[in-house]
Amino acid sequence: MGDNEKETVRIFALSDVHVDSVLNLAWMNSLSESDFSRDVLILAGDVSDRIDRLESTLAGLRSRFASVFFVPGNHELWVRGTGPARGSLGKFEQVLAICDRLDVRTRPGRIGNGKGVWIVPLFSWYLKPEEGPGSLYSPKTGEDETLSMWSDDHFVRWPQTARPAAEFFLGANERNISRTYDGPVISFSHFLPRRELIFGRPAPRRWGKSPGDPHPAFNFSRVAGCRGLDAQIRRLGSTIHVYGHQHRNRFREIDGVTYISHCLGYPRERENGHIRGLDGGPRLIWDAGGLAGGPGERRGESGEE
């Protein structure tokens with residue numbers, strides 16, 4: 001779909017579909033082949049680390065939606081075995097080439113006639129607390145500081161030219177951040193831009209042990225995202241920012257920006273109630289009236305765990 005086609009467009013959001021799960025792949029394949037033909041999907045990363053499954057999933061979504069916007073997540077940049085030259089950076093470039101071939105959009109695009117609305121993808125990574133002050137780290141009682149269970153530490157390989165990766169991707173975004181957009185902006189990233197979004201309440205807190213915590217030694221905030229991402233969102237003047245990675249769904253307004261995550265996650269997370277609200281498929285976030293959502297959602301009171 002071209003930048004100036006179709007007056008009335010709905011925009012949907014989804015992330016963390018993890019199609020390596022048979023149940024998740026079935027969920028994706030069950031999406032209507034006709035209901036979204038005039039619509040736009042924002043897919044905020046984590047489809048699969050396998051190139052063939054990533055490509056087939058993006059192609060399937062591209063056949064269902066008028067336009068698909070995508071940014072890679074951490075899983076897309078895993079390198080198993082020898083992998084491409086330049087490790088995860090080479091894998092990133094490989095993913096972008098696949099998107100170009102499939103007409104999946106990884107660059108800013110305007111949707112609708114006239115000024116319409118701009119969708120701006122933001123590449124991102126997390127900043128660990130030892131990598132700089134822009135980390136989203138919050139202490140957690142009993143945490144394993146070595147992150148021994150974190151798969152990225154085994155499968156992600158950055159060349160020296162892309163370290164720290166969070167700063168590398170923030171730099172890569174600058175060309176699009178400095179542009180002028182003649183309409184509302186919806187930005188999206190895979191990683192989180194603010195610490196508040198980690199928690200299911202509207203204010204940050206210290207992590208502690210919880211009976212419902214399946215991984216008490218794992219501190220997600222070490223690998224959640226980075227503050228520099230939110231600075232870019234603010235410079236863009238985003239109305240909405242969509243993100244993923246956390247496997248918890250949020251709808252929250254903070255200082256004039258509505259932050260939305262709508263993750264499919266893993267089957268066990270849906271079964272135990274950690275992820276809800278997926279019966280309707282991808283989440284509608286924008287329609288002819290602008291931001292989509294009921295009054296409670298606009299206050300950030302709905303869709304949170």
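**View 1. The lining of the largest cavity, sorted by residue class.** In this predicted model, the residues around the largest cavity fall into seven nonpolar, two polar and no charged. You can find them by looking for P72, G73, L77, F92, F123, S124, W125, F169 and F191, which line the space. The volume enclosed is about 40 Å³. How many cavities of 30 Å³ or more does the structure hold? The count is one.

**View 2. The second largest pocket and its lining.** Here we move from a cavity to a pocket, with about 220 Å³ of space in the second largest one. Its lining takes in W125, Y126, K128, E131, D152 and D153, along with V156, R157, W158, R163, P164 and A165. How do these lining residues divide by class? Six are nonpolar, six are charged and none is polar. W125 is worth picking out in both views: this residue is part of the lining of the largest cavity and also of the second largest pocket.

**View 3. Helix α2 against helix α3.** This close-up shows α2, made of residues 51–64, beside α3, made of residues 87–102. Their axes come within 10 Å and cross at roughly 30°. Angles under 35 degrees count as roughly parallel, and α2 and α3 are therefore roughly parallel to each other. Is the crossing left-handed or right-handed? For α2 and α3, the crossing is right-handed. On the α2 side, the contact is made by I51, L54, E55, L58, A59 and R62. Facing them from α3 are K91, Q94, V95, I98, C99, R101 and L102. Taken by class, the residues of this contact are eight nonpolar, one polar and four charged.

**View 4. Helix α5 against helix α6.** The last view pairs α5, residues 165–177, with α6, residues 227–236. The two helices pack at an angle of about 5°, and their axes lie 11 Å apart. That angle makes α5 roughly parallel to α6. Which residues make the contact? From α5 come L170, N173, E174, N176 and I177, while α6 supplies G228, L229, Q232, R235 and L236. Sorted by class, the contact of α5 with α6 has four nonpolar, four polar and two charged residues. If you are going back to View 2, look for A165: this residue belongs to the lining of the second largest pocket, and the stretch 165–177 is helix α5.

How values were computed. Residues numbered from 1 in each chain as written. Predicted model: local features only at pLDDT ≥ 70, side-chain atom pairs only at ≥ 80, totals over all residues. Heavy atoms only, no water. 1 Å grid on protein atoms, 1.4 Å probe; cavity = no way out; pocket = protein on both sides within 12 Å on 5 of 7 lines; lining within 4 Å. Points joined across faces, edges and corners; volume = space filled by probe spheres on them. Nonpolar A, V, L, I, M, F, W, Y, C, P; charged D, E, K, R; others polar. Axes fitted to C-alpha atoms, helices over the stretch in contact; angles between N-to-C directions. Helix = DSSP H or I, 4+ residues; strand = E, 2+ residues; numbered from the N terminus. Parallel < 35°, antiparallel > 145°, perpendicular 65-115°, else oblique. Left-handed = near helix turned anticlockwise from the far one by under 90°. Contact = heavy atoms within 4.5 Å.
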